[in-house]
Amino acid sequence: MAGIKIKYTKTERAKQKKILKVSQRMLPLFEAMEKSLMSTINTIAERIDDIRQTIEKNREASKSWLAVMGDSWGSLAEFISVNEVITKPVDVAGVRVQQFERVDFNIVEPSANTPLWVDDAIELVAEQLQLEAEIKCLLDQIELLEEELLDVRARVKLFENRRIPNAKIAIRKIGQKLQDDDRLTIATAKVVKTDKQMEVAYDY
Amino acid sequence: MSNMVYLLCSLPSLNFAQVPPISFDEFYQDSEKQLSKKDFGMLETVDLRKMDSDEHGKLKHFARLYADLLGDMTELRTAKTEKRPVRLAHLPKSLADGNPLEREKQIMRWQWDRLDDLEAGNTFSLVNVLVYKLKLQILHRLQSMETESGKQVFESVINDAKRKG
């Protein structure tokens, strides 16, 4: 408030009252937005944890046969690669983010004499890559939501710590000043009236 | 003939799932010294990955068995795609249940046993040398299926794909 020059006028008081009214109406909206963003971020983080658990579960399940991928007769990399990660834009808690749809793979069909394990390895790699791609998408979502959350928090603070208190102070100060002015006017008028009455008395 | 006897006697014996007792380079060096150019040429071309009934006259029977094996492998793939029970004609039925590593080992065991059968009727012939090479291929392949290298392959495929994706 310090440093802000207030115009001690009724118009200014009306303006500050309007600011206060709007700010008091906006604050709960921003607070709700903050809560919603926080809860969405937590939900996404939980989803990431779930996916990570699934990745770990798959890894554990394949541990007993992972050795087969060292096979000198089969090069797994020749059979599967990522073509594109497909996403679609959606609004999450008012923020436009990319939602994971699926991964488009380039898969080379194993021929008749391709070792059988290659089929299983393709399936495993595809599943793990789908999950990894989903995690990446969700992390990108969190990044965008966190940016928005910071913005919303700044707004909440602005309303809580500056706009509302400043408007209240301004209204109070303008009110006091206007009251003082009124009192002064009345007092002056009384003095003038008394003086005039005394002048009239002297004349008589 | 005596060269063949010498070669086969000088080669270390092979047992399924053992660490290969001889490298391919050593095997080829020893074989080249003892075999005729024609026989060595045949030895070089024979390959367990490319068994073809028309090409390898000496291993015709095994090549036919190999074709049967490919038929069963195709059936395993088709049954999985069509989500129906597997009907294997030659490979053991238990093959469908094991994990990919066990399955591959079972297939190799099956190949090994068929090669044993093939060897049974021959002594100190070129067939024995060819069979020796095929068995050595099986052992080297089995040796390559090692947990750490498998893990590395898996991780590198995942990481490469992640980078490119």
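In the predicted model, helices H1(A) and H2(A) pack at an angle of about 160 degrees, with their axes 6 Å apart. Because angles over 145 degrees count as roughly antiparallel, this value makes H1(A) roughly antiparallel to H2(A). The crossing of H1(A) and H2(A) is left-handed.

Helix H1 of chain A comprises 54 residues, from residue 10 to residue 63, and at 1.5 Å a residue should therefore span 80 Å; the C-alpha atoms at the two ends of the helix are 78 Å apart, in agreement with that expectation. Along H1(A), buried positions are found at A:Arg13, A:Gln16, A:Ser23, A:Phe30, A:Leu37, A:Thr40 and A:Ser62. The cover over the buried residues of H1(A) includes helix H2 of chain A (117-203), together with strand E1 of chain A (80-92). Helix H2(A) thus appears both as the packing partner of H1(A), at an axis separation of 6 Å, and as part of what covers the buried residues of H1(A).

Strand E1(A) is in turn joined by 12 bridges to strand E2 of chain A (residues 95-107), and the two strands run antiparallel. Where E1(A) and E2(A) form a hairpin, two residues lie between the strands, and A:Ala93 takes a positive phi near 50 degrees. As for the pairing itself, A:Val92 has A:Val95 in E2(A) as its bridge partner.

Between the two chains, 28 residues of chain A are in contact with 29 residues of chain B. On the side of chain A that touches chain B, E1 and H2 of chain A each supply at least two residues, and the largest share, eight residues, comes from H2(A). Strand E1(A) accordingly contributes to the side of chain A that touches chain B, besides being included in the cover over the buried residues of H1(A).

One packing across the chains involves H2(A) and helix H7 of chain B (residues 147-164), whose axes come within 10 Å and cross at roughly 45 degrees. This angle makes H2(A) oblique to H7(B), and the crossing of H2(A) and H7(B) is right-handed. From H2(A), the contact is made by A:Val125, A:Gln128, A:Leu129 and A:Glu132, and from H7(B) by B:Val157, B:Ile158, B:Ala161 and B:Lys162. In general, an α-helix has 3.6 residues a turn, so residues three or four places apart point the same way.

Positive phi values also occur in chain B. Residue B:Lys83, which is not glycine, has a phi near 50 degrees and is placed in the loop between helix H4 (60-82) and helix H5 (100-120) of chain B. With 6 other C-beta atoms within 10 Å, B:Lys83 is exposed. Phi of B:Phe124, likewise a residue other than glycine, is positive and near 50 degrees; B:Phe124 lies in the loop between H5 and helix H6 (126-144) of chain B. Here 16 other C-beta atoms lie within 10 Å, and B:Phe124 is therefore partly exposed.

Another phenylalanine of chain B, B:Phe24, is placed in helix H2 of that chain (residues 24-34). B:Phe24 has 12 other C-beta atoms within 10 Å and is exposed, since a residue with 12 or fewer such neighbours is classed in that way. Computed along the chain by sequence position, B:Phe24 and B:Gln152 are 128 residues apart, while their C-alpha atoms are 24 Å apart in space.

Key: Residues are numbered from 1 along each chain as its sequence is written. Chains are lettered from A and ligands numbered from 1 in the order in which they are written. This is a predicted model: local features need pLDDT of at least 70, side-chain atom pairs count only at pLDDT 80 or more; totals for chains, interfaces and linings use all residues. Helices (H or I, at least four residues) and strands (E, at least two) are DSSP runs, numbered from the N terminus. The expected span of a helix is 1.5 Å times one less than its number of residues. A residue is buried if 20 or more other C-beta atoms lie within 10 Å of its own, exposed if 12 or fewer, and partly exposed in between; C-beta atoms are placed from the backbone. Two residues are in contact if their C-beta atoms, placed from the backbone, lie within 7 Å. Two strands pair if DSSP finds at least two bridges between them. Axes are lines fitted to C-alpha atoms, for helices over the stretch in contact, and angles run from 0 to 180 degrees between N-to-C directions. Angles under 35 degrees count as roughly parallel, over 145 as roughly antiparallel, 65 to 115 as roughly perpendicular and the rest as oblique. A crossing is left-handed if the near helix is turned anticlockwise from the far one by less than a right angle, and right-handed if clockwise.
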